[in-house]
Amino acid sequence: MSDRIRLSVDGRMLEVATPVSILQAASADGTPLTANVGCLGQGVCGACRCMVRKQDEADVTTVLACETLAEDGMQVSFIDYFIPDRPHVYDVAEITDVWRLSNAVSGIFPEAAQCRHCGGCDRACPKELDVQRGVALAVAGDLAGAAGIFDQCVMCNLCTLACPERIWPNHLGLMVRRALTALTLRPSDLIHRLNELERGGDVLDLSGTASTGTAAVVSDGR
Amino acid sequence: MMSTTSLSVSAVPYADALTRLRTAAAQASPAEALSREELLAAYHPDHNEDARVALRVGGNRGMLCHPTLACLLEGNALVGDVDLVALDPVVTDVLVIGGGGAGAAATLAARRGGADVVLAAKLRVGDSNTVMAEGGIQAAIGEEDSLQRHFDDTLKGGHGAGEPELIARLVRDAPEVIRWLIGLGVSFDLAEGPLAGGRLLRKRGGGTTAARILSHRDFTGLEMMRVLREAVELDRGVTVLNRAPAIELLSDERGRCVGAVLYDLELRRLRLVCAGAVVLATGGAGRLHLSGFATSNHYGATADGLALAYRMGAQLRDIDSFQYHPTGIAWPGHLAGGLISEAVRSFGATLVNGQGARFIDELSPRDVVTSAILRECAEGRGVVRDGLIGVFLDTPTLLANRPALLREQLVSLGHLAHRAGIDPTREPMLIYPTLHYQNGGVVIDTDGASTVPGLYCAGEVTGGVHGRNRLMGNALLDIIVFGRRAGAAAARHAAAAEPGRFGLGHVQSWQRELTCAGLIEGPRSPILYPAYGHFDLRRHMAASQD
């Protein structure tokens, strides 16, 4: 359980007991940990992006440090977060015509059609999403298909960093998902309850015992 | 980082326990010998003698508080007047402190109210407990359900300690909040089946009388946060300051909150933001690892906002009450504390002790389930693996009956199991309670207003909504309901506010009080990062940049 390994993190040589994640190893020498850290293992926040080269391997891969185990001989370099000006500005409330949603996508993300299929985004994605295909589906107008591909995206922005055409694939995917939802999700049970409340069905008994054991009737609702 | 409990009691070795689990016949959940109150009194960590001390200073002097938190609440300020000399303030209508779901909702609502907003985040906007929330969000939209039932469940789940007016606001706003989220582009799962056509999928949470939890698979918080963050970042009226934790609030001569002192981690210097109103949305305290527990919380959950608000005079409540989520992962140790969603139990997974027996109704309120797990472990019926103790969450039986769940609904469970090197269809997860939520916090009204004029609060930093135990799905609802209300109220307050002089008058009063109590040489707060973050403000400011 307590094998010791040596690895290099941002140029610092560290010796740690395994098993630990790269992120846990990174603060082992007392370096203040104030960035590139977030959910600490769940792999959902995308904050701890880093480049990793394993011992005796030539390839550099991008991973999330919180969910990747540190190994002996690893070289790790965290990728600083920078927020450049957002080139693709939109307000989802202003996208109102679902028939013309494809036009909105190409209008906001014109670079998407210029994808040169280098595969950089796919290699960069720590979640192994088919990013490039997602972009292609969005360009082709298969918006539901594109939305499905980006469903588990954690918005780490590694594909955006990797893209030479400045497509910002994860933001494209999120825009497609947002617009589809905002324009098409109309659950009948939610609508019913909202209508009820509009008609004054929000009278509550604040004693806390009104519904004990039975389904309570809220005002005039039904 | 923190590991889970060390072994000081007997327990059943993993291999033996696994054999018993696999050979045990299907069981009903057992009748409970103790009443819920007895179980909580005997085993819940809040009830431990070492978990409560009386605060020695401040507006809530005498109130019971967890001792680790009390150290921060009684702490001295990190800065004084001399630090503010020659700093030019940034001026805005509303300053939002905290970049999670509550902060983002407050920001969007303040913008809608016509305010310009500065949003200051300790890490990056979006880095928060919100993004980690898995289970879902409550809203009473089912035909058999009602606002009244949602209200009653929430009040009862909180042991009657919640504030009825706040709970009423919570449940009344819930359906509209879902519509608002959908309008921003947050997707919710629809129910399966051809006849369901267009109805939302609803799950049942522990301690509720109706299936009321709406979700996006088992990463609802991620779905909400990535949309909220995008909306905030694309709004030209919002200035996002990442890596800029608030280290003190600013007050005017009348004691109103008029801004904050931020620390810019990039430039290693202080910044001032003066605002017509401030929304504090700094979240909870899991990274304080209270009573030695591992936590499911985000790195930033260090109770900063509570310390800042208390020093300025805001009233607090229920600060001795915390939620320990029943199902944190216990093995392997490097993942300890990581969350396994209550959704797994909602779908029917059972908890099984080292003797192969169920020991609690798995959908009891969280504090009850947690107490039962701690009892099993304390009385030698736990399971031990590599020195780590816990009980089994029986995923193999659940997934044998419903194999599609792992792919469609329990994506995060599959992800966690994969990293633990476990095949959840064959091997159960070893689980142990994990510090999950701060039930109490800053006292607010239904607009999120604290007792300090100009200071609004929303989300986990507040108290009163969840009483002394929160139900699954009410946190994501809380942050949006009260985030929006606090943001809107802050914008109104800012529009009417006359500019005054900003300063640290409240810090001077606080220090006088600390001196009288003999606490002036004590620790400083907020701490901003957990102990293993190795952060010290003065050292960090003095160090040259790499």
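**Exercise 1.** In which sense, and over how many bridges, do β12(B) and strand β18 of chain B pair?

*Solution.* The model is predicted, so local features need pLDDT of at least 70 and side-chain atom pairs count only at pLDDT 80 or more, while totals for chains, interfaces and linings use all residues. Residues are numbered from 1 along each chain as its sequence is written, with chains lettered from A and ligands numbered from 1 in the order in which they are written. Strands here are DSSP runs (E, at least two residues; helices are H or I, at least four), numbered from the N terminus, and two strands pair if DSSP finds at least two bridges between them. β12(B) and β18(B), residues 441–443, pair in the antiparallel sense over 2 bridges. Within β18(B), V442(B) is the bridge partner of L316(B).

**Exercise 2.** Place this pair in its sheet, giving the strand order.

*Solution.* The open sheet has 3 strands in the order β12-β18-β20 (chain B), with mixed pairing. Its edge strands, each pairing on one side only, are β12 (316–317) and β20 (462–463) of chain B.

**Exercise 3.** Decide whether F219(B) is buried or exposed, and describe its surroundings.

*Solution.* F219(B) is found in the loop between β7 (213–214) and α8 (220–233) of chain B. A residue is buried if 20 or more other C-beta atoms, placed from the backbone, lie within 10 Å of its own, exposed if 12 or fewer, and partly exposed in between; F219(B) is buried because 26 lie within 10 Å. Leaving out residues up to four places away in sequence, F219(B) touches (C-beta atoms within 7 Å) V44(A), E134(B), V411(B) and S412(B).

Terms used. Two residues are in contact if their C-beta atoms, placed from the backbone, lie within 7 Å.
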